[in-house]
Amino acid sequence: MELVTEYLDDALATPERAAFERHIASCKDCGVYLDQMRTTIAVLGDLPPERLPRSAREGLLATFRSWTST
């Protein structure tokens, strides 16, 4: 997840970016995940934080925390 975020933020060094793109081209599951992240950003990327209900924010944070603890 961290690598995808860095890729989408254009924060990877050129060699890492090239390796990531080679992997994405050959890994269907990672390609699907990348597309899902792009869709999420396109839909929610411009949503100001104050418009996100507190319960939704807490639910998302809990979900992300559970991903990093597994």
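Trainee: How many disulfides does the structure hold?
Mentor: The structure holds zero disulfides, a disulfide being a pair of cysteine sulfur atoms within 2.5 Å. Keep in mind that this is a predicted model, where local features need pLDDT of at least 70, side-chain atom pairs count only at pLDDT 80 or more, and totals for chains, interfaces and linings use all residues. Residues are numbered from 1 along each chain as its sequence is written, and side-chain values use heavy atoms, with hydrogens and water left out.

Trainee: Why is there no bond for cysteine 27?
Mentor: The closest cysteine sulfur to that of cysteine 27 belongs to cysteine 30, and at 3.5 Å it is too far for a bond.

Trainee: Is cysteine 30 buried or exposed?
Mentor: Cysteine 30 falls between, as partly exposed, at 29% relative accessibility; buried means under 20% relative accessible area, exposed over 50%, and partly exposed in between, with a 1.4 Å probe and protein chains only.

Trainee: Switching topic, how many aromatic pairs are there?
Mentor: There are two, where rings of Phe, Tyr and Trp (its six-membered ring) pair if their centres lie within 6.5 Å, and planes under 30 degrees apart count as stacked, over 60 as edge-to-face and the rest as tilted. Tyrosine 7 and phenylalanine 20 form a tilted pair, 4.4 Å centre to centre with 35 degrees between the planes.

Trainee: And are those two buried or exposed?
Mentor: Both tyrosine 7 and phenylalanine 20 are buried.

Trainee: What about phenylalanine 64 and tryptophan 67?
Mentor: Their ring centres are 5.1 Å apart and their planes at 75 degrees, so this pair is edge-to-face. Phenylalanine 64 is partly exposed at 37% relative accessible area, and tryptophan 67 is likewise partly exposed, at 44%.
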